[in-house]
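Below is a set of questions and answers on one protein chain. Look through the structure before reading on.

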Amino acid sequence: MFSSSTTEWWIYIATSFLVAVTVIYYFCISTFNKWEKLNVPYIKPIPLFGNFLNVAKGIDHILDFYNNHYKEFSGHKYGGLFQMRTPYLMIRDPELINHVLIKDFSTFPNRGVYSDFSANPLSDNLFFMENPQWKTIRSKLSPAFTSAKLKIMYDQIKECSKILMENIRKDLKENNNQIEVRDIMGKYSTDVIGTCAFGLKLNAISDDESAFRKYGKSIFIPSLRTLFRELCLMISPALLKVVRFKDFPNDATVFFFDAFKETIAYRLENKIVRNDFVHYLLQARNDLVLNENLPKREKFTEKQIVANAFVMFAAGFETVSSSLSYCLYELALHKPIQDKVREEIQSKISKGDGQIDSEFLMDLNYLEMVIAESLRKYPPLIALFRMASQTYRVPNDSLTIEKGQKLVIPIYSLHYDSKYYPDPQKYDPERFSPEEKAKRPNGTYLPFGDGPRSCIGKRFAEVEMKLALVELLTKFEVFPCEETDNPLTFANKSLTLVPKNGIWLKFKKIE
């Protein structure tokens, strides 16, 4: 027989357990009445995981998650979804997208993408920063990417492209004319951004042991760490503060922080002045860090200056290398389009003085269409994120978006919507002829985003891609090989488009 005290103890344990389970269950579902209250169409969530279970389990890629919801909300301007416990409003109407990104940008200036800057100093940069800091640093760095500055950098980019050609020839001899193009394009883009933006002679194209290349690759490798961080964030940002989860591997963080600090210190000590990105970073440092007359609330830190150097480097090499690789992949699969690009290039060369300069690149209209179609099929970002900084009434609609509400604009899904791009799986550069572009509403093509927070280095990236393709296609024909995946499959643990098996292509020298 149990004594009365023992019975009371078991009742206490059972009651405590039930209370704990109730509290946890309530926490798991407490946000799930959001869209029903606002009369917004939504997909029924499950406790804790919301609509995100298959992504959390690594079964689905996040682009499938957005695609499925985008199709479910067909006929609606928007729909509600739950990434774990966090409610997001998916915006799928082009007119409303333009309001969010451009017309009413002052209401949606922030991405709403959280990082614990005390644990992740490299993340305290242009991408993560909120207003007014974002606007301040953007205005300081934008002059580094004007047309005039791009012309100055052109010869440096061209030098990197020559080294790229030499190394492709070397790799072809060693690998039976087959190359994994994402790797070699990653080396090229690493050299370009290092040379042009930072004045660093990285030699990543030739050196497989380049530290910049090694650690640059490591921050984009799909991993359970990346997925787990995102899941914690979607459950509650407070959870990241508790576990102090890192955005990037520790060794990569230390390397880049030290490397960029040393670059800035070397410039200052030796009074080196170059008209590049570091020059504008140093000006920003003088104006925002060292300026004693600046109010404390407006001051930046040395760490923020280094963090903005890092984000330019990371975005500069990954976006370009991936976009170039996908473009070559599609040209290899579509030989008539590849031949047409080559004919345009050779025609312009024969009509001119043979010089391949920045003006020459601007005149390659069909190549621009090819790059645009590649970016449609393989956008650098799958989705854009925004957060309402104040209450917002959706134009011509009953919905009021509350302050703090997070929004997602599904770039990949828009790019594959047959309403805007008939037969969207088909690779067709003619979609971007002036006539076809005029038929589509704004807000349906967003590889670099749009509005004040669009990609700061867009024009730099386009010049870099054009030059590499001109050099390649005048010297080589590109074909699929036995190792080429068709169709491509993407790694599920990544939040961007990373092909599982790389992109292998065959190159044949043009005699």
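Questions on helices, sheets and loops

Q: Which residues does UniProt give as "transmembrane region"?
A: The model shown here is predicted. The feature comes from an unreviewed UniProt entry. In the model this span is 100% helix and 0% strand, and its end C-alpha atoms lie 27 Å apart. The record places the "transmembrane region" at residues 9-27.

Q: Are helices α13 and α14 roughly parallel or antiparallel?
A: Two packed helices are described by the angle between their axes and the distance between the axes. For α13 (residues 277-288) and α14 (residues 302-333) the axes are 10 Å apart and the angle is about 160°. Angles over 145 degrees count as roughly antiparallel, so α13 and α14 are roughly antiparallel.

Q: How many residues of the contact of α13 with α14 are nonpolar, how many polar and how many charged?
A: From α13 the contact takes Phe 277, Leu 281, Ala 284 and Arg 285. From α14 it takes Glu 302, Ile 305, Asn 308, Ala 309 and Met 312. Sorted by type, these residues are six nonpolar, one polar and two charged.

Q: What is the handedness of the crossing where α13 passes α14?
A: The two helices pack with their axes 10 Å apart. Where α13 passes α14, the crossing is right-handed.

Q: How are α14 and α17 oriented to each other?
A: Helix α17 covers residues 365-377, and its axis lies 9 Å from that of α14. The angle between α14 and α17 is about 105°. Angles of 65 to 115 degrees count as roughly perpendicular, and therefore α14 and α17 are roughly perpendicular to each other.

Q: Which residues of α17 meet α14?
A: On the α14 side the contact consists of Ser 323, Cys 327, Glu 330 and Leu 331. Counting both helices, the contact has four nonpolar, two polar and two charged residues. The α17 side is made up of Val 370, Ser 374, Leu 375 and Lys 377.

Q: Which strands stand at the edges of the open sheet of three strands?
A: Strands of a sheet pair through backbone hydrogen bonds, either parallel or antiparallel. In this sheet the order is β3-β9-β8, and the pairing is antiparallel. Each edge strand has a single partner strand, so one side of it is left without a neighbour in the sheet. The edge strands are β3 (178-180) and β8 (476-480).

Q: Which residue in β9 is the bridge partner of Phe 479?
A: Five bridges join β8 to β9 (residues 504-509), and these strands run antiparallel. One residue of β8, Phe 476, stands opposite Lys 509. The partner of Phe 479 is Lys 506.

Q: Which residue stands opposite Lys 506 on the β3 side?
A: β3 and β9 run antiparallel and are joined by three bridges. The residue opposite Lys 506 is Gln 178.

Q: Which strands stand at the edges of the open sheet of four strands?
A: The order of this sheet is β1-β2-β7-β4, with mixed pairing. The twist averages 30° from one strand to the next. A single partner strand is found for each edge strand, so one side of each has no neighbour in the sheet. The edges are β1 (78-83) and β4 (384-387).

Q: Which residue in β7 is the bridge partner of Phe 385?
A: β4 runs antiparallel to β7 (residues 406-409), and four bridges join these strands. In β7 the partner of Phe 385 is Val 408.

Q: At what angle does helix α5 run to β7?
A: Helix α5 covers residues 94-103 and lies across β1, β2, β4 and β7. Its direction relative to β7 is about 120°.

Q: Where is the cis peptide bond between Asn 486 and Pro 487 found?
A: The omega angle of the bond joining Asn 486 and Pro 487 is about 5°. Another cis peptide bond joins Asn 131 and Pro 132, also with omega of about 5°, and Pro 132 lies in the loop between α5 and α6. Pro 487 is in the loop between β8 and β9.

Q: What is the phi of Asn 177?
A: Asn 177 is in the loop between α7 (147-174) and β3. This residue is not a glycine, yet its phi is positive, at about 65°.

Technical notes:
Residues numbered from 1 in each chain as written. Predicted model: local features only at pLDDT ≥ 70, side-chain atom pairs only at ≥ 80, totals over all residues. Heavy atoms only, no water. Axes fitted to C-alpha atoms, helices over the stretch in contact; angles between N-to-C directions. Parallel < 35°, antiparallel > 145°, perpendicular 65-115°, else oblique. Left-handed = near helix turned anticlockwise from the far one by under 90°. Contact = heavy atoms within 4.5 Å. Nonpolar A, V, L, I, M, F, W, Y, C, P; charged D, E, K, R; others polar. UniProt positions renumbered as here; feature names shortened; annotations may be inferred. Pairing = 2+ DSSP bridges.
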